[in-house]
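Please open the model in your viewer and keep the selection tool at hand. We will go from stop to stop, and at each one you will find something to select and a short account of what is there.

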Amino acid sequence: MSIFTPTNQVKLTNVAVVRLKKSGKRFEIACYKNKVMSWRNKVEKDIDEVLQTHTVFMNVSKGQVAKNDDLSRAFGTTDQTEICLQILAKGELQVSEKERNTQLESMFRDIATVVADKCVNPETKRPYPVGLIERAMKDIHYSVIPTRTTKQQALEVIKQLKESMEIERAQMRLRLIIPNREAKKVQEKLKPHISTVESEDWQGGDLEMVCLIDPGCYRIIDETLRAETRGRGTLEMISLKDIEEGDERLE
């Protein structure tokens, strides 16, 4: 005996559903559990490891596939993969209360770990333990935002923690070599982006400078040096994090 299965129905199991309402319609995609956040955090880069099928549904649990007319009106395209990517980026992950709490707790720890890895106590130059950062985050009543990456939230946490504790981004140590002709002018342009100049050497006419910078200034220093010296300047990263060695380590 054969069983009739409608052609617009697809049965899936062990599914994590991401839902997006658009143009008055509900659209859903079927993903593998634990992969949605990995994709959003840019840990997982293979879309086939995230999507169970490159199909857009009206209702995943009932296996009801979305019609092309509805997709075209809502998204301006019927390309299933492109629409899946939009829903994956902007949609709401449907999870149970228990799963949601577990996910939020995991993200909370991940954010604290990123903060501990990027920051130090400015007085001792030593990193804070992850547990201490977690307690500090609880003290400021930080709430995890599931749709934002852990890195984005870690940067926000650092800003908030500065109001209640001694904490700052671990400095990067750079060596800059600026050709004689542009040295003075380039040095003046770079000064606002440098935290501490540890040494300056004008031997031979060129300027060799070792300095500490906030990691957020690395790109602008690199771009300024390249542009002002027409590629003849040199930037070398001596250390990614300026920390004191001891019992507590960043890595």
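Start by selecting cysteine 211 together with the residues it touches: leaving out anything up to four places away in sequence, these are Met172, Arg173, Leu174, Leu176, Ile194, Thr196, Val197 and Glu198. Cysteine 211 itself is part of strand S10, which covers residues 207–213. Is cysteine 211 buried or exposed? Its relative accessibility is 0%, so cysteine 211 counts as buried. Keep in mind as you look around that this is a predicted model.

Now draw a distance from cysteine 211 to valine 65. The two are 146 residues apart in sequence, and their C-alpha atoms lie 59 Å apart in space.

That is a good moment to zoom out. Along the principal axes, the C-alpha atoms of the protein fill a box of roughly 90 × 45 × 30 Å. The radius of gyration is 25 Å, whereas a compact globule of 251 residues would have one near 18 Å. Switch to a cartoon view and you can look for eight helices and eleven strands.

Next, select residues 172–240. UniProt, in an unreviewed entry, lists this span as "domain: Ribosome maturation protein SDO1/SBDS C-terminal". The chain here is 29% helix and 38% strand, and the C-alpha atoms at its two ends are 5 Å apart.

Within that selection, click on serine 239, which sits in strand S11 (residues 234–239). Apart from neighbours within four places in sequence, serine 239 is in contact with Met172 and Arg173. Both names also appear among the residues that cysteine 211 touches. Why does serine 239 count as buried? Buried means under 20% relative accessible area, and serine 239 counts as buried because it has 18%.

Move on to residues 109–170. The UniProt record, again an unreviewed entry, gives this span as "domain: Ribosome maturation protein SDO1/SBDS central". Here the composition is 52% helix and 6% strand, with the end C-alpha atoms 20 Å apart.

Pick lysine 118 in this span; it belongs to helix H4, residues 97–118. At 22% relative accessibility, lysine 118 counts as partly exposed. Add leucine 155 to the selection: it is 37 residues from lysine 118 along the chain, with 9.3 Å between the two C-alpha atoms.

Two loop residues come next, and both are worth viewing with the backbone shown. Most residues other than glycine have a negative phi. Serine 23, though not a glycine, has a positive phi of about 55°. You will find serine 23 in the loop between strand S1 (15–22) and strand S2 (25–32), and with 55% relative accessibility it counts as exposed.

For the second, go to the loop between helix H1 (36–40) and strand S3 (57–59), where lysine 42 is found. Phi of lysine 42 is near 65°, again a positive value in a residue other than glycine. Lysine 42 counts as exposed, at 60% relative accessibility.

To finish, turn on the surface. Its accessible area comes to about 14,900 Å², and carbon and sulfur atoms account for 46% of that. Buried residues make up 40% of the 251 in the protein. If you color by charge, there are 41 positive and 40 negative charges, and their mean positions are 7 Å apart. For a last look at the fold, consider contacts between residues at least 6 apart in sequence: 64% of these join residues at least 24 apart.

Terms used:
Residues numbered from 1 in each chain as written. Predicted model: local features only at pLDDT ≥ 70, side-chain atom pairs only at ≥ 80, totals over all residues. Heavy atoms only, no water. Helix = DSSP H or I, 4+ residues; strand = E, 2+ residues; numbered from the N terminus. Rg over C-alpha atoms; globule rule 2.2 N^0.38 Å. Buried < 20%, exposed > 50% of the residue type's maximum accessible area, 1.4 Å probe, protein only. Contact = heavy atoms within 4.5 Å. Areas by Shrake-Rupley, 256 points an atom, 1.4 Å probe, with all protein chains shown as cover. Lys, Arg positive; Asp, Glu negative; His and termini not counted. Charge placed at Lys NZ, Arg CZ, Asp CG, Glu CD. UniProt positions renumbered as here; feature names shortened; annotations may be inferred.
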